[in-house]
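Okay, everyone's got coffee, so let's get going. I'll put the structure up and just walk us through it.

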Amino acid sequence: MRIAVVAAVVAALVVPATAHAAPLAVEDLGTLPGDLRSTAADINDSGTIAGVSHGAGTAQHAVRWDRWDGIKKLADLGFDSWAAAINRDNVVVGYAVNAAGQAQAAKWLPSGSLVQLTVAGATSSVAYDVNDSGTVTGAATINGVSQAVLWTSFGEVTLLGAGSGLHVTNGNWVVGKTGGDVVRWNASGVRTVLDAGTFAGANQLGDAVGTASTGGVLWLRSGKTQSGAAAQPSDINDNGYAVGELSSQATRWDVFAGGVEALAPAPSSAADVNNSGVVAGTVGTSAATWNTGGTRTVLPSLPGAARHSVTGLSEVGQVIGVATFANGTYRAVVWR
């Protein structure tokens, strides 16, 4: 692990990281002392990562991996915690469990201190995403019903209606779920039902991707586009490209031109695409990236790991994921 870290640092001094350069090395992000497993959930363009360190049984702790300072346990309420997303200012969101065993929506400031995101009348809540202005979306249970919520950076609360907010754009549009429907709220809080289906990802414009009864769907602001009965789109960027899986092959869709491109043979899958058109995903048991021209680079494997998955991609091309070992143990990793 230390060799990989040193190699990445030395290489970074020679070749500046760009959105077009494939990551140079894999780094085991490790766990908190005494914990057994870890997962990486999100990464910002500074290379700071939010995720979870898992202990024995179901015990878990929200953590942040700072680029040069390693893992840091985020403050909690004395019990479990969980992190879902991070913004450009290193604000992390998720939840912390209280003494009553209830999840409470939380954000962690760059210092690591905890701020509870309260909702009047709620028994439990969770934060799923944060934009670069510090606006947070999530869900709160009020009288037994889940309500989608938007919290401003100052903690002001807007209830959007039944459901859960899962993604918030920098323009304060929210994409999420109401019952079995994928829905979108505009910046004024007006809701549009997109489809009965499953939400997988969204961009900063409020476009979303996922699946419905007809197969893969791209829910654009201009209307719905089908991506194939066997398609499973997972992400969409701001420049008209969606990625995912079609017939067990990593696939890229050109939204504007209507093109479909298989990026690798089966079994493979594309998980994320950034605004430079770089794609990250898996081919077999390995992580991989593709440049805008479709050239594939297989990323280095963590020694001893049996397989790798991708959970995030930054705008500067750093990739996060999970390396899983034959005994079922798994560790958060980053390729940079």
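Thr-225 is partly exposed, because its relative accessible area is 31%; for that scale, buried is under 20% relative accessible area, exposed is over 50%, and partly exposed is in between, with a 1.4 Å probe and protein chains only. Thr-225 sits in strand S20, residues 223-228. Strands here are DSSP runs of E, at least two residues, numbered from the N terminus. Leaving out residues up to four places away in sequence, Thr-225 touches Gly-216, Val-217, Leu-218 and Leu-220, where contact means heavy atoms within 4.5 Å. Its C-alpha is 9.6 Å from that of Val-209, and the two residues are 16 apart along the chain.

Quick word on the ground rules. This is a predicted model, where local features need pLDDT of at least 70 and side-chain atom pairs count only at pLDDT 80 or more, while totals for chains, interfaces and linings use all residues. Residues are numbered from 1 along each chain as its sequence is written, and side-chain values use heavy atoms, with hydrogens and water left out.

Now another threonine. Is Thr-324 buried or exposed? Buried, since its relative accessibility is 13%. You'll find Thr-324 in strand S30, and, beyond its neighbours within four places, Thr-324 contacts Ala-305, Ala-306, Arg-307, Thr-329 and Tyr-330.

Strand S30, residues 319-325, also feeds the largest nonpolar core, as do strand S29 (305-313) and strand S31 (330-335), each giving two or more residues. That core has 13 residues, and Leu-302, Val-319, Val-333 and Trp-335 have the most contacts inside it. By core I mean buried Ala, Val, Leu, Ile, Met, Phe, Trp, Tyr and Cys residues joined through side-chain atoms within 4.5 Å. Another core lies apart from this one, with 12 residues, including Val-93, Val-119, Val-136 and Val-149. As for Trp-335, its contacts beyond four places in sequence include Pro-23, Ala-25, Val-26 and His-308.

On to the pocket. How much space lies in the largest pocket? About 1400 Å³. A pocket is an open set of points on a 1 Å grid over the protein atoms alone, where a 1.4 Å probe fits, with protein on both sides within 12 Å along at least five of seven lines; lining residues have an atom within 4 Å of a point. The volume is the space filled by probe spheres set on the points, which are joined across faces, edges and corners. There are 47 lining residues, and Asp-42, Asp-129, His-167, Ala-202 and Asp-272 are the closest to the centre. Strand S6, residues 81-86, gives the largest share of the lining, with 5 residues.

Strand S6 also holds Trp-82, which pairs with Tyr-128 in strand S10 (residues 122-130), 46 residues away. The rings are edge-to-face, 6.2 Å centre to centre with 80 degrees between the planes; the rule is Phe, Tyr or Trp rings (six-membered for Trp) with centres within 6.5 Å, and planes under 30 degrees apart are stacked, over 60 edge-to-face, the rest tilted. Tyr-95 joins those two in one aromatic cluster.

Last, some backbone oddities. Most residues other than glycine have a negative phi, and most peptide bonds are trans. Here, Ala-266 and Pro-267 are joined by a cis bond, omega about -5 degrees. Asn-143 has a positive phi, near 55 degrees, and is exposed at 75% relative accessible area. Ser-248 has a positive phi too, near 65 degrees, in the loop between strand S22 (241-246) and strand S23 (249-254).

How values were computed. Helix = DSSP H or I, 4+ residues; strand = E, 2+ residues; numbered from the N terminus.
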